[in-house]
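Trainee: I should like to work through this model in a series of short questions. May we begin once the structure is displayed?

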Amino acid sequence: MNKLDATLDDMQNTRFSNIYHDLIKQMAKATQFNKIEVRSILLVYHKFVLMNGPKAKIMTNAQFHNLFLVLFKIYDLQIIERILTLITTDTKKDVNPTSWVKLFSVFMSNKLEQKIKFTFQIYDSTNTGYLNREVVTLAVAKFFMGEDEDEVNELRADMLEVLFKKFDQDRDGSICYEEYAAIVKKNPMLLEFLGQCFPNVDGMNRGKRKRCIIDTKKKQKSSVHLGLLNGPAKAILTRNSKLITQILMD
């Protein structure tokens, strides 16, 4: 038998084939992946499982969280939890092989509609089918951080108004899926307008940046320096810089 992966011994290769043979066929039919692609995705999953001991059968939630925090550079724990909820089927939120493939079928999809639906479900933390003012306020609070509390609160309030003016088309005080989808289809840059949900390898480890924001009262550009921020805070602000500029300039 040809080895599926050179880093696994013959016993592990055989074990992998026995465990995932039927699932590979099933997921190749259910997703956009072919059998080779599904097998490659499951091999990564299998290696995570092997790290948990010879009797382990699933990836742990801690491994899942670390994957997002370390590799994907997604630092919002609420978003990670929402993703976990969406791809799992039990109350324990165990990341089984099917959930793993399901996750990457969305991450690697070239269908905007699929990504729009997935992202909105992540943001809809109340499971009501719309984003109310409270939900958006909590998300916007993570966009702006600083020592000047008054300035930060003013920026948050301005951004909140800008977002509702942009997305709340019927002015009912909430953003429904149809409103969100319509805006994102016109401008896909606004897909992750309430926080990063998809891995973004490009620019993860770049140096200091600035982001431009517009004072909605003075209509003048100002700059927020990110050089004094480190770690997740800096990454979150950097990630949202182009997005915020896009919203305000549009």
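Trainee: Over residues 155–190, how far apart are the end C-alpha atoms?

Mentor: This is a predicted model. An unreviewed UniProt entry annotates residues 155–190 as "domain: EF-hand". Over that stretch the chain is 64% helix and 8% strand, and the separation of the end C-alpha atoms is 19 Å.

Trainee: Is Q12 buried or exposed?

Mentor: Q12 belongs to helix α1. Its relative accessible area is 19%, and the cut-off for a buried residue is under 20%. Q12 therefore counts as buried.

Trainee: Which residue has a side chain joined to that of Q12 by a polar contact?

Mentor: With its neighbours within four places in sequence left aside, Q12 is in contact with H46 and L50. A polar contact of 3.5 Å links the side chain of Q12 to that of H46.

Trainee: How should S17 be classed, given its relative accessible area?

Mentor: S17 is placed in helix α1, which spans residues 10–30. Buried requires under 20% and exposed requires over 50%. The relative accessible area of S17 is 24%, so the residue is partly exposed.

Trainee: What distance separates the C-alpha atoms of S17 and L43?

Mentor: Along the chain, S17 and L43 are 26 residues apart. In space, their C-alpha atoms are separated by 10.0 Å.

Trainee: In the largest nonpolar core, which residues touch the most other members?

Mentor: In soluble globular proteins, nonpolar side chains tend to be buried together. The largest nonpolar core here has 63 residues, and the members touching the most others are F64 and Y180.

Trainee: Which helix gives the most to this core?

Mentor: The core draws at least three residues from each of domain 1 (10–108) and domain 2 (112–248). The helix giving the most, with 7 residues, spans 35–50 and is α2.

Trainee: Which residues is F64 in contact with, leaving aside its neighbours within four places in sequence?

Mentor: F64 is one of the buried residues of helix α3 (residues 61–71), alongside Q63, H65, L67 and F68. What covers these buried residues includes α2, α4 (77–87) and α5 (97–107). With neighbours within four places in sequence set aside, the contacts of F64 are M59, I80, I83, L84, I87, V95 and L103.

Trainee: Which residue takes a positive phi just after α3?

Mentor: Helix α3 covers residues 61–71. Just after α3, a positive phi of about 60° is taken by K73.

Note on methods
Residues numbered from 1 in each chain as written. Predicted model: local features only at pLDDT ≥ 70, side-chain atom pairs only at ≥ 80, totals over all residues. Heavy atoms only, no water. Helix = DSSP H or I, 4+ residues; strand = E, 2+ residues; numbered from the N terminus. Buried < 20%, exposed > 50% of the residue type's maximum accessible area, 1.4 Å probe, protein only. Core = buried A, V, L, I, M, F, W, Y, C linked by side-chain atoms within 4.5 Å. Domains from an automatic or database assignment. Contact = heavy atoms within 4.5 Å. UniProt positions renumbered as here; feature names shortened; annotations may be inferred. Polar contact = N/O pair within 3.5 Å; in protein donor to acceptor, adjacent residues only side chain to side chain.
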